[in-house]
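Please work through the following exercises with the sequence and the model at hand. Each task is followed by a solution in steps.

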Amino acid sequence: MKKLLSVLLLVTMLASLAAVPALADDHMTISWTSVIEQDEGTDYTQDAIYKTIAEKFNVDFDIRPLTWGNWTTNVNLYINGMTLPDATNWFFNYTDYNKYVEQELFYKLPSDWKTRWPGAAAVYEKTGLSGVLEDENGDIFCFPVAIYFNNKPVDRMPTHLQVYARKDWIEQVTGEPVKTHYTKSELVDICRKLKEANPAGVENFYPFTSYTSMLIQGLVYSCYEHVSSNYDIYKGADGQYHWGPADEQTYEALKFVRDMWKEGLIAPEFYTMNQGEDEDLMTIAHSSAMFYAGGLAANYILFTNEQISSGLNPDESLCSFFVTDDEGVYHSAEATNYFGALVFNPDIDEAKFARIMDVIEYSLTPEGQDLIFLGIKGTDFEKAEDGTYTMLHEYNTSDLYPSNRFFCTLASRADDFSIVNPSYLAKATAKQKEQYEEKGSLIKDSLGEIDFNYFFHASDAKTRLGAIQAAYVDDYANLIVKEGDLRANWEAWCADKMAMVQPVLDEMNAK
Amino acid sequence: MTTLSMKKPGTTKLARRKDPLEIIATIVLTLFALMIAVPFYNVVIVSITGQAEYLKAGGLMLFPTKPDFDSYTRLFQNKLLWTGYSSTLQIVALGLPLNVLLTFCMAYGLSRKGWPGRKLVFVLVLITMIFNGGIVPLYLLMKELKLLDNLWSVVFAGGLNTFYMIITKNFIESLPESLIESAHLDGANEWTILFRIVMPLSKPILATIVLFYAVDRWNEWYNSMIFLTTPTKFTLQLVLRNIVINSEMQGAAASSGAVSTAAAFTMGVKMCAVIMTMLPIMCVYPFLQKHFAKGIMVGAIKA
Amino acid sequence: MTTTAKRTPRPYRDSWGKRTMNAFRAHWQIYIIILLPILWYAIFAYRPMIGLTLAFKKYMPRRGVMGSPWIGLTNFENVFIDQDFMRSIWRTLSINLLRLVFVFPVPIILALLLNEMKAKRYKSTLQTIMTFPNFLSWVIVSSILTNVLAMDGLVNSLLRAIGLSEVNFLGSEQLFQPMLYITDIWKSSGWSMIVYLAAISGIDQDQYEAAEIDGANHFQKLVRITFPNLMPTIVVMFILATGNLMSAGFDQIFNLSNSATKNVAEILDMYIYRITFQSAPDYGLSTAISLMRSVVNMVLLLLADRGAKLMGGSGLFA
């Protein structure tokens with residue numbers, strides 16, 4: 001069945017490829033805003049990837065990069081100031097989406113878009129938003145950016161967060177090969193042994209070191225699926241809506257991390273750390289044994305490289321695993337299969353929009369993905385009939401072709417291709433795939449399901465709830481380190497938030 | 001002005017003996033300066049230390065065993081650093097004269113008594129210190145003026161700082177009234193008085209507000225983040241901020257498209273950024289500082 | 001020049017209109033001089049200030065600020081639902097009032113002390129060093145502090161070395177506010193001192209010479225001449241600082257606080273940041289909050305101004 005589907009998909013994609021017009025005769029410049037990592041003023045318009053796409057569609061891109069730091073501020077200003085570029089990567093949020101659509105601030109996709117760009121429509125189906133986003137007329141006003149579409153590893157995706165750890169040290173204290181997942185008790189046990197053995201031989205050695213948000217999203221969220229901000233409001237077995245943070249399981253989760261912290265297994269001042277500092281302590285300073293980070297091939301490669309440059313052999317010293325409960329069940333909130341959405345200037349002319357969609361359609365095809373992520377066929381790589389790649393030389397695509405940094409944000413994320421990317425370290429791509437499959441097999445009823453009924457519920461009370469949800473990570477961290485009795489502190493915290501939560505619960509239960 | 005003459009500051013030879021107050025002042029200020037200098041020394045040291053050594057030293061470090069200029073190399077490779085310098089210099093060059101002109105005109109006008117509407121104007125000016133319409137109306141204004149993605153938007157948005165204007169007004173008011181009155185009687189018009197008499201007498205405050213404005217311009221990042229879209233127009237501080245914040249937030253999102261072979265040494269790059277921004281100011285500052293001490297003019301007028 | 005000066009005294013007073021006209025005619029040059037700054041204020045300060053009406057409106061981009069529909073006090077009502085809002089207001093006031101007590105006098109003292117120093121080179125070196133921290137952004141200061149004050153940082157290493165117990169500087173709710181004042185003094189007092197130095201250098205030197213002839217010592221000169229001459233500047237700075245009580249400190253506290261200290265750190269501006277950063281900002285709501293903040297600031301400023309006048313000073317509206 002699955003195979004049949006993918007064949008069908010391939011066929012539609014090939015068909016769509018044929019549908020792409022050979023060469024449009026009027027040249028267009030498309031302004032495009034998205035977050036480009038490590039933008040260093042490089043001219044993206046000079047390399048072969050850019051030129052191939054620019055020539056193919058007779059376009060030029062006026063690229064306006066943003067950073068993760070100013071993305072929301074600036075895009076909100078563009079939307080509200082009516083200065084949206086032709087295409088913009090926007091942080092999708094349903095409440096805001098409704099608000100903006102109502103005020104006609106986004107371009108309405110033509111009603112026949114699914115037949116005109118079938119490849120894009122097929123990817124849209126995979127985001128899980130299909131059928132939910134359409135208004136009563138069946139119109140949509142944005143194009144969600146897919147995370148996985150050709151190579152989706154599991155049907156319903158758990159979080160990708162993984163513990164990265166010193167393989168050699170763990171094997172040394174446990175006396176057995178590292179596993180791909182450990183139970184909570186096993187984790188505590190390993191940390192204790194590590195702390196006692198101090199394999200690093202440094203004065204301040206902490207087995208577990210993560211900065212606040214990773215620690216909470218990693219350890220606390222993998223104890224219970226309804227603590228995180230997206231799935232805190234859920235429909236219980238009784239058919240009523242509940243607020244997860246007030247459940248006993250949340251207390252247990254906080255207590256688990258608090259106990260580890262009090263025992264000195266977690267870096268005492270984790271709350272002062274910035275992203276990257278935790279990772280540096282393990283991969284470069286060698287004074288910590290594990291930390292949380294995204295379970296992505298790109299991360300695995302980065303940590304591998306860091307270990308090599310600090311004199312370690314990553315084959316022996318780097319591993320990654322995840323944490324289950326003591327019954328071996330993995331808890332996680334379901335991850336959405338989209339990351340933001342593309343929105344278009346409401347006053348864009350139809351021909352230009354069509355051209356943008358042509359580019360998107362192409363970028364989502366296997367050929368387009370190959371071009372964006374690998375470079376030029378015949379120069380950089382070869383692809384056999386059966387889909388196997390041969391790399392013609394060793395290179396890092398974004399170094400060789402700076403425009404890769406822009407195109408990989410176009411209308412899909414890099415996650416999908418990174419599962420098969422032949423220019424990556426094979427071990428890293430395998431790890432990325434393997435963790436999803438394994439997590440998938442260890443989930444019983446413990447995958448907090450995306451409840452679109454709640455997700456797309458829009459009200460003032462829910463908007464206000466967003467303000468306290470935004471502070472969950474900090475609030476949990478605060479409860480973990482706060483003096484006094486955890487239970488009392490936690491109960492007081494819940495009681496304090498209830499005034500904001502109850503109206504939302506009432507709205508949902510009344511629905 | 002012929003009535004002006006130069007005079008040495010009021011130190012007389014009688015006061016050679018060290019005063020206890022002076023000794024206390026010296027000790028207290030030296031301690032305070034030390035409290036500042038030590039962390040600064042640390043900034044310089046971290047900027048020339050390799051990441052591994054920095055992490056192992058854990059806060060305490062006198063000098064790296066092997067100076068490492070990796071962080072600087074990384075920073076210098078970024079083309080935006082250099083365009084950032086250029087944008088910032090343009091903004092300083094265009095903005096500073098505008099600042100001084102607007103500030104002095106307004107301060108002088110408000111310091112002159114007796115014209116109808118003075119109080120009203122002053123109240124209206126003060127209101128702008130406390131109330132502002134927020135960022136969207138300002139953005140829409142720049143859009144209307146067709147100044148978006150144009151350095152002039154940043155120049156105009158910071159055209160006048162009411163706080164500095166009030167300081168200037170206060171200073172002008174402290175100048176001897178008789179001087180302006182006598183100029184009036186000599187038939188001098190208002191701008192002659194402003195530019196020929198008041199401005200030259202206001203050197204200490206002029207130096208002060210030039211410094212304040214220059215530093216504000218130099219540190220400009222928020223307006224350029226809001227109004228500018230082309231990275232090569234970004235100001236220096238915005239570029240450095242993006243570097244620092246981006247290196248902290250990288251990969252925070254769902255996925256990272258581009259693989260980095262090695263993450264930057266965030267702390268080292270931060271410290272390099274500090275030095276790269278401060279260096280030009282530290283070169284200019286001593287020249288301006290000379291003028292703060294020149295309080296002799298005022299005393300000399302009556303002589 | 002002045003027509004008024006040449007005018008012969010008359011037995012009756014001119015009408016208001018005529019007097020005003022005469023005054024206008026007498027001062028027309030001043031109006032020309034302030035024309036440019038007035039234009040700037042009109043365009044870049046007052047024009048956007050129309051946006052304050054958004055506090056009573058629902059902002060609709062298609063219809064512009066002017067055309068957006070009025071919704072009465074809804075925005076204000078919504079603000080008060082969240083408990084955190086009122087808490088953040090009190091916290092802002094208490095932090096910044098104490099800031100006024102502990103931080104505000106320091107630059108004045110520094111300026112007076114610096115003025116007592118005679119060694120010219122050394123003096124200017126010290127002054128230069130003291131202004132340096134102002135050029136550091138709070139992001140940077142925060143990473144330096146984390147470095148120096150961490151449990152295994154420089155200060156705690158020293159404390160351990162001399163046999164004292166270590167102090168949790170960064171994660172303690174009790175120490176958070178004192179840390180704010182100390183770091184503020186460290187960072188900004190050298191810079192704020194410049195205003196006072198400029199004022200000191202504007203003091204008429206004759207006064208000192210006269211005092212010296214009277215045999216006044218350094219301390220007496222400081223108390224009788226320097227300080228009184230500095231007073232108008234101090235008063236103005238104080239009044240302006242009071243008018244900033246509700247808005248000061250965002251950048252500092254945002255960067256120095258962490259999840260361990262969050263319960264004592266969230267000031268109003270951080271609250272606004274939190275509720276607007278997460279999703280599409282409700283510009284009506286945030287304008288309503290900042291309008292309230294401005295009103296409080298204004299009341300405080302007027303109170304301080306009145307207070308200054310009662311104490312015999314000239315106040316801001318001289």
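**Exercise 1: The two domains of chain C**

Seven residues of domain 1 of chain C are in contact with five residues of domain 2 of chain C, two residues being in contact if their C-beta atoms, placed from the backbone, lie within 7 Å. The model is predicted: local features need pLDDT of at least 70, side-chain atom pairs count only at pLDDT 80 or more, and totals for chains, interfaces and linings use all residues. Residues are numbered from 1 along each chain as its sequence is written, while chains are lettered from A and ligands numbered from 1 in the order in which they are written.

Task: state where the domains of chain C lie in the sequence, and which classes of residue make up the side of domain 1 of chain C that touches domain 2 of chain C.

Solution.
- Step 1. Domain 1 of chain C covers 3-67 and domain 2 covers 82-310; such bounds come from an automatic or database domain assignment.
- Step 2. Taken over C-alpha atoms, the centres of these two domains of chain C are separated by 35 Å.
- Step 3. On the side of domain 1 of chain C that touches domain 2 of chain C there are four nonpolar, one polar and two charged residues. Here Ala, Val, Leu, Ile, Met, Phe, Trp, Tyr, Cys and Pro count as nonpolar, Asp, Glu, Lys and Arg as charged, and the others, Gly among them, as polar.

**Exercise 2: A helix of chain C**

Task: compare the reach of helix H17 of chain C with the expected value.

Solution.
- Step 1. Helix H17 of chain C spans residues 283-310 and has 28 residues. Helices (H or I, at least four residues) and strands (E, at least two) are DSSP runs, numbered from the N terminus.
- Step 2. The expected span is 1.5 Å times one less than the number of residues.
- Step 3. From its first C-alpha to its last, H17 of chain C reaches 40 Å, close to the 40 Å expected.
- Step 4. Just after H17(C), Gly312(C) takes a positive phi of about 95°.

**Exercise 3: The fold and domains of chain A**

Task: describe the overall dimensions of chain A and the contact between its two domains.

Solution.
- Step 1. Chain A contains 23 helices and 16 strands.
- Step 2. Its C-alpha atoms fill a box of roughly 70 × 60 × 45 Å along the principal axes.
- Step 3. The radius of gyration of chain A, 24 Å, agrees with the value near 24 Å for a compact globule of 511 residues. It is taken over C-alpha atoms, and the globule rule is 2.2 Å times the number of residues to the power 0.38.
- Step 4. Domain 1 of chain A is made of 2-154 + 336-423, and domain 2 of 161-333 + 449-510. Their C-alpha centres lie 32 Å apart.
- Step 5. Nine residues of domain 1 of chain A are in contact with ten residues of domain 2 of chain A. H4(A) gives the largest share of the domain 1 side, three residues. That side divides into two nonpolar, six polar and one charged.

**Exercise 4: Burial in chain A**

Task: is Asn509(A) buried or exposed, and which residues of the largest nonpolar core touch the most other members?

Solution.
- Step 1. A residue is buried if 20 or more other C-beta atoms, placed from the backbone, lie within 10 Å of its own, exposed if 12 or fewer, and partly exposed in between.
- Step 2. Asn509(A), found in helix H23 of chain A, counts as exposed because it has 12 C-beta neighbours inside 10 Å. Leaving aside neighbours within four places in sequence, Asn509(A) is in contact with Gln240(A) and Tyr241(A).
- Step 3. A nonpolar core is a set of buried Ala, Val, Leu, Ile, Met, Phe, Trp, Tyr and Cys residues joined through C-beta atoms within 7 Å. In the largest, of 201 residues, Cys142(A), Val220(A), Val257(A), Ala341(A) and Tyr476(A) touch the most other members.
- Step 4. Beyond four places in sequence, Tyr476(A) is in contact with Ile216(A), Val220(A) and Leu254(A).

**Exercise 5: Contacts between chains**

Task: how many residues does each chain supply where chain A meets chain C, and where chain B meets chain C?

Solution.
- Step 1. Chain A supplies 30 residues and chain C 26. The chain A side divides into eleven nonpolar, eleven polar and eight charged residues.
- Step 2. In the other contact, 85 residues come from chain B and 79 from chain C. Helix H1 (residues 20-47) of chain B gives the largest share of the chain B side, 16 residues.
- Step 3. The chain B side has 53 nonpolar, 24 polar and eight charged residues.
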